[in-house]
Amino acid sequence: RVALLAIGECARRLSGGGGAAVSDGVEAVVLVALESRHDEVRAAAAVALGCIAAGRSRGLPSLLKLVADRPKQKYMLLSALKKALACLVDAKAASCAADSNVGGGAHEGMNPTPTKKQRSRGGAAAELSAHAMAVEKVLVDNADAKEEGVRSLVAECYGALLAGAPRVILPRVKPLISKGACTRKMLLDALRHTLLRTAPGQARWRGERGVVDEGVRGGLTHEEETWRRCVTKLVKEALNSSEGVLELFKDTDLAVRRQAMVLLYTAMPYHPGLFNDSALTGVVVPEIYAAVTRDPKLVRTVNFGPFKHTVDDGLPLRRAGFRALGVVIASTKGHASRQLVTSPQSLEKLAGGLADNEADVALLAWRVLQDVARSRAAQALLEIVDALPPRILSSIKKLLRAAKGTDAVAAERARDVLKECVRGLHAVMLVPGVERCTEFIQFFERVKQTTLLNQMLKDIVRGDQGGAVRGSSR
């Protein structure tokens with residue numbers, strides 16, 4: 001395993017420094033290792049094969065041919081393709097070649113005379129651009145593979161390809177929206193990987209053990225930052241297109257809609273301006289509200305003979321929806337954030353989540369309430385909190401009974417939800433002007449009179465005070 005990783009690192013450094021590529025004999029040894037009985041050896045062989053492919057003038061076509069010719073090794077070969085694309089994208093970012101695939105022209109402040117290493121990296125950029133269409137076709141053909149692991153790898157590869165050749169690949173994104181659900185889901189996941197790869201201030205990490213590449217220890221170089229901004233701008237334009245990727249937030253397939261929410265809550269913290277106001281208020285927020293709403297039509301009963309089990313097919317979407325709601329509230333500013341909290345649907349959706357029978361959903365909803373209470377839109381809560389007590393009272397009583405029950409697992413889970421509940425109520429109590437909300441104040445007094453909840457509240461207050469003391473001592 002170590003020897004294979006060493007071969008891969010040598011291949012990467014030889015190609016990055018303008019040296020000769022690894023010989024065919026070494027590649028043959030790596031291909032044999034790809035058939036090993038040991039998972040660690042096969043994974044290392046895939047990394048080595050990807051590095052070798054990235055260092056050759058026609059390495060990508062050769063690797064694509066292997067993917068087509070060896071269907072039983074598709075997972076490992078796609079892993080190699082992912083590594084090859086990562087190496088080529090890193091080289092392209094470092095050189096930030098001024099070609100039509102990235103920025104469309106020379107960038108101000110860049111050295112017009114490239115160094116030998118930059119010229120080599122420019123060759124990697126040309127290699128990626130030349131074969132981008134062929135790689136894209138192979139990835140799309142495998143987007144609906146039966147194995148979930150293969151589909152995940154396809155999305156990662158497509159995301160890397162988007163980052164490396166955005167002007168070549170982005171025009172091909174729109175036709176994918178009319179394809180099958182697996183392809184649409186793959187597209188959203190690929191965009192997520194692209195946006196995470198271009199997150200601001202993120203250093204490029206290399207190797208199996210997370211060793212940062214030389215020259216970027218303090219963050220991104222100027223060339224990489226220029227590349228990051230170019231790619232992010234192009235992806236944002238694609239996301240905000242009214243007839244493009246934005247339509248997938250309204251998809252009829254639950255898995256696709258969930259993936260849209262995952263894209264939002266994972267990428268938006270790094271790109272707060274990911275969606276413009278029109279997309280946010282016209283499509284994204286209404287679809288979040290739709291996602292967090294419990295749909296009785298998605299609840300079904302499965303008969304296992306001696307007993308029956310209730311399955312809520314909408315649960316994964318509701319979880320993702322509440323995560324997305326919290327991120328949007330934390331990321332948006334000013335009027336947009338206030339409008340999000342005070343909209344007529346806000347109380348209904350948030351209160352429904354706070355009282356949800358599913359512990360995971362209730363936990364997320366209470367955390368959203370905490371985020372709102374600590375955000376710039378906190379004052380907007382004062383308009384709705386008086387209506388919360390009657391909506392959440394029965395749910396809290398049910399959780400209290402479960403917390404005192406004999407089922408240890410259910411009791412622990414109920415206590416977890418109750419802690420977030422008390423934390424959320426306490427956060428609202430810290431909002432200036434809450435004393436005018438008499439119904440909520442009376443409800444909070446009842447909470448303090450409940451032994452278990454009062455003890456949780458004391459622990460929370462004690463923890464907040466301890467954190468404040470530690471912060472002031474620094």
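Leaving aside its neighbours within four places in sequence, which residues is Glu420 in contact with? In this predicted model, the residues are Leu363, Trp366, Arg367 and Gln370. Glu420 itself belongs to helix α19, which covers residues 408-429. Its relative accessible area is 11%, so Glu420 counts as buried. One of its contacts can be followed along the chain: Arg367 is 53 residues away from Glu420 in sequence, yet the C-alpha atoms of the two are separated by 6.8 Å.

The chain as a whole gives the setting for this residue. It has 474 residues, of which 50% count as buried. Its secondary structure consists of 21 helices and 4 strands. Among contacts with a separation of 6 or more, 72% are between residues 24 or more positions apart.

A second buried acidic residue is Asp189. Helix α10, made up of residues 181-197, contains Asp189. The relative accessibility of Asp189 is 11%, and therefore this residue counts as buried. Its side chain makes a polar contact, at 2.8 Å, with the side chain of Arg192. Once neighbours within four places in sequence are set aside, Asp189 is in contact with Ala155 and Gln259.

Salt bridges come next. The count for the structure is 20. One of them joins the side chains of Asp69 and Lys65, with a distance of 2.7 Å from N to O. Why are Asp69 and Lys65 separated by about one helical turn? Both are in helix α4, residues 59-69, and they are 4 residues apart, so about one helical turn separates them. Asp69 has a relative accessible area of 47% and is partly exposed. Lys65, with a relative accessible area of 53%, is exposed because the cut-off for that class is over 50%.

Another salt bridge is formed by the side chains of Arg172 and Glu136, at 2.9 Å from N to O. This pair links distant parts of the chain, 36 residues apart: Arg172 is in the loop between α8 (166-169) and α9 (173-176), while Glu136 is in helix α6 (residues 116-141). The two partners can also be described by their accessibility. Arg172 is partly exposed, having a relative accessible area of 31%, whereas Glu136 is buried, with a value of 3%.

A third example is the salt bridge between the side chains of Asp313 and Arg300, at 2.8 Å from N to O. Asp313 sits in the loop between β4 (308-312) and α14 (315-331), and Arg300 sits in strand β3 (residues 299-303), so the pair ties together parts that are 13 residues apart in sequence. Asp313 has a relative accessible area of 32% and counts as partly exposed. Arg300 is also partly exposed, at 42% relative accessibility. Elsewhere, Arg294, Asp312, Arg318 and Asp356 are joined into one network by salt bridges that share partners.

What is the count of disulfides? It comes to 0. Cysteines are present nonetheless, including Cys157 and Cys230. Cys157 is buried, with a relative accessible area of 0%. Cys230 has a relative accessible area of 16%, which means that Cys230 is buried as well, since the class takes values under 20%.

The last topic is empty space inside the protein. Rolling a probe the size of a water molecule over the atoms shows where such space is left. The structure holds 3 cavities of 30 Å³ or more. The second largest cavity contains about 50 Å³ of space. Which residues line the second largest cavity? They are Glu27, Leu49, Ile52, Ala53, Arg56, Gly59, Ser62, Leu63 and Leu66. Two elements, α3 (39-54) and α4, each give two or more residues to this lining. Of the elements, α4 gives the most, with 4 residues. Helix α4 is also the element that holds the salt-bridged pair Asp69 and Lys65 described above.

Note on methods: Residues are numbered from 1 along each chain as its sequence is written. This is a predicted model: local features need pLDDT of at least 70, side-chain atom pairs count only at pLDDT 80 or more; totals for chains, interfaces and linings use all residues. Side-chain values use heavy atoms; hydrogens and water are left out. A disulfide is a pair of cysteine sulfur atoms within 2.5 Å. Buried means under 20% relative accessible area, exposed over 50%, partly exposed in between (1.4 Å probe, protein chains only). A polar contact is a pair of N or O atoms within 3.5 Å; within protein, one must be able to donate a hydrogen and the other to accept it, and residues adjacent in sequence count only if both atoms are side-chain atoms. Contact means heavy atoms within 4.5 Å. A salt bridge is a side-chain nitrogen of Lys or Arg within 4 Å of a carboxyl oxygen of Asp or Glu. On a 1 Å grid over the protein atoms alone, a cavity is a set of points where a 1.4 Å probe fits but cannot get out, and a pocket is an open set with protein on both sides within 12 Å along at least five of seven lines; lining residues have an atom within 4 Å of a point. Grid points are joined across faces, edges and corners, and a volume is the space filled by probe spheres set on the points.
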